[in-house]
Amino acid sequence: MQRWDAVVVGSGPAGSTAARELAASGARVLIVDRAEFPRYKPCGGGIALRTERLLAFPIAAVVETSVSLLQVRHEGTCVASRDARRPFARMVMRNGFDALLLDAARAAGAEFRANTHVVRVEEHANHARVIADGFEAAAAHVIGADGANSVVAKTTGLAQGMYECAAWELEVHVPPAVLASFSETCVLGLGYRPWGYAWVFPKEGRLSVGVVLPAGSGRQLRATADALIEELGLPDARIEHAQGHKVRSRRAHEPVASDRVALVGDAAGLADEFTQEGIFYAIRSGQLAAEAAMACMTGKPAPARYEASLDHEIMPELRAARLIGYMFYGMLRRFGGTWLRGSRHAGSLWESFFKAQRGDSTYARELARAPWLAKAAAARLDAR
Ligand SMILES: Cc1cc2nc3c(=O)[nH]c(=O)nc-3n(C[C@H](O)[C@H](O)[C@H](O)COP(=O)(O)OP(=O)(O)OC[C@H]3O[C@@H](n4cnc5c(N)ncnc54)[C@H](O)[C@@H]3O)c2cc1C
């Protein structure tokens, strides 16, 4: 059996980032994925500028468009829009973006094995074992970056019982004139109960159209996406890759690391509950897990360090996003489109969102600007 310093399971943004950082620090790293790359991944492909800023290399080669205009629709009508004057997010197709991150990991020295479907991870006294169909490897550290249905989490008992919701995404091929009407524009559709939103993101030659709703909304997801296509006047457009996936969110201190295994990205439930964005947290947690594993290889205790750094850096941001989402959807349920129309006059709210997206601020910092509101919302949320 091959032995490695670290085996990373899953080469999405979290896994490729962890593998790159480990390999760049001199570790012998194997990264495995059940897929061949590039591979399709259902995703809006919205990369907040703060995510781009985390990376040590340019992503321009895979950026299809950038967005600087946010348009909000409620029950089919445009109720507000705001020009941020400069981009707050990049738009990518995940096949290109994820392949770029994997290439960076390989360039740093990580070895990649495709078509390797991991079925189990076992922890032993002095190593962990990664077991796939027809393949096994042993490592001092295993990083579970295998997404929201993580086999690494299931077979090690980590990251259980998290909050779940569901998202559905379609790639809609549209003529240039239609695409031009969405130029630099991120469209969000609101008004779903009890909460949820639809999105339209412009790419090259196509729109990414999708919906996120609470767990158990399987049928409603498809119907909502189809209604949105009608509403946009695109019933005859060619649709590719209509696919859904669950999104998991870590709300408290559910264990996501043990002596030899650390979960990152969606496997650890690191998606925020305001936008359901996960790529930022995937990349950052990959970096933190790699740092912790390297520290362990040099004699310091890793799992506590990884969970501690998550709890210090990522969890306050996820908590802030959850509180913002709770207040946002609460106002929306109570006052509907009227409240959204009124928000046109609350420029600072929009600016807070743009600043957090760009990484010039964080949700936690923006929330702290209204401490009494944050405290009241936290008390109500925690009492539920
Ligand atoms: C419809 C939808 C739209 C979204 N839109 C956005 C968005 O616009 N912006 C944003 O920031 N976030 C978005 N998200 C969330 C985002 O997609 C995830 O947070 C992100 O992909 C997490 O990255 P990851 O590396 O943790 O996992 P993934 O990207 O899911 O990668 C996991 C990898 O593990 C591999 N794998 C899985 N199981 C195994 C196994 N058993 N053995 C070997 N390999 C395995 C998979 O093949 C995959 O390559 C969206 C999510 C959904 C569902």
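Which loop holds Gly-161? In this predicted model, Gly-161 sits in the loop between α4 (151-156) and β12. The close-up views below start from the domains and end at that loop.

**View 1. The chain is divided into three parts: domain 1, domain 2 and domain 3.**
Domain 1 is made of residues 2-64 + 90-162 + 250-314, and domain 2 of residues 69-87 + 163-249. Domain 3 covers residues 317-383. When you look at domain 2 beside domain 3, their C-alpha centres are 21 Å apart.

**View 2. Domain 2 meets domain 3, with twelve residues from each in contact.**
On the domain 2 side, β5 (69-74) and β6 (77-83) each supply at least two of the residues that touch domain 3. The most comes from β6, which gives three residues. Sorted by class, this side of domain 2 has seven nonpolar, two polar and three charged residues.

**View 3. The ligand is surrounded by 38 residues.**
The closest are Gly-10, Gly-12, Gly-44, Gly-265 and Gly-278. Two helices and two strands each give two or more residues to this shell: α1 (13-24) and α7 (279-297), together with β12 (163-173) and β16 (238-249). By class, the shell has 17 nonpolar, 14 polar and seven charged residues. Where does the ligand lie with respect to domain 1 and domain 2? Both domains give residues to the shell, so the ligand lies between them.

**View 4. Seven strands make an open sheet with mixed pairing.**
To trace the sheet, follow the order β6-β5-β13-β14-β15-β12-β16. The edge strands are β6 and β16, and each of these pairs on one side only. From one strand to its neighbour in this sheet, the turn averages 20 degrees, direction ignored. Two of these strands have appeared in the view of the ligand, since β12 and β16 are among the elements that give two or more residues to the shell. The edge strand β6 also gives three residues to the side of domain 2 that touches domain 3.

**View 5. Strand β15 (residues 206-214) pairs with both β12 and β14 in the antiparallel sense.**
Nine bridges join β15 to β12, and Trp-168 stands opposite Val-211 of β15. Towards β14 (residues 197-202), β15 is joined by six bridges, where Val-200 has Val-209 as its bridge partner. Is β15 largely enclosed or exposed? Eight of its nine residues are buried, so the rest of the structure largely encloses this strand.

**View 6. β14 and β15 form a hairpin with three residues between them.**
In the turn, look for Gly-205, which has a positive phi of about 75 degrees. β14 also pairs with strand β13 (residues 185-190), in the antiparallel sense and over three bridges. Here Val-187 stands opposite Val-200 in β14, and Val-200 is also the bridge partner of Val-209 in β15.

**View 7. Helix α6 (residues 218-231) lies across five strands.**
These strands are β12, β13, β14, β15 and β16. With respect to β15, the helix runs at about 145 degrees.

**View 8. A second open sheet has three strands, in the order β3-β7-β4.**
Its pairing is antiparallel. β3 (46-48) and β4 (63-67) are the edge strands, each pairing on one side only. The twist from one strand to the next averages 30 degrees. Between β3 and β7 (residues 89-92) there are three bridges, and Gly-46 has Met-91 of β7 as its bridge partner.

**View 9. Ala-295 lies in helix α7.**
How exposed is Ala-295? It has 14 C-beta neighbours inside 10 Å, so Ala-295 counts as partly exposed. Tyr-306 is eleven residues away along the chain, and its C-alpha atom is separated from that of Ala-295 by 9.9 Å.

**View 10. Gly-161 is exposed in the loop between α4 and β12.**
Back at the residue we started from, Gly-161 has 9 other C-beta atoms within 10 Å, so it counts as exposed. Glu-254 is 93 residues apart from Gly-161 in sequence, with 8.2 Å between their C-alpha atoms.

How values were computed: Residues numbered from 1 in each chain as written. Predicted model: local features only at pLDDT ≥ 70, side-chain atom pairs only at ≥ 80, totals over all residues. Near = placed C-beta within 6 Å. Helix = DSSP H or I, 4+ residues; strand = E, 2+ residues; numbered from the N terminus. Nonpolar A, V, L, I, M, F, W, Y, C, P; charged D, E, K, R; others polar. Domains from an automatic or database assignment. Pairing = 2+ DSSP bridges. Axes fitted to C-alpha atoms, helices over the stretch in contact; angles between N-to-C directions. Contact = placed C-beta atoms within 7 Å. Buried ≥ 20, exposed ≤ 12 C-beta atoms within 10 Å, placed from the backbone.
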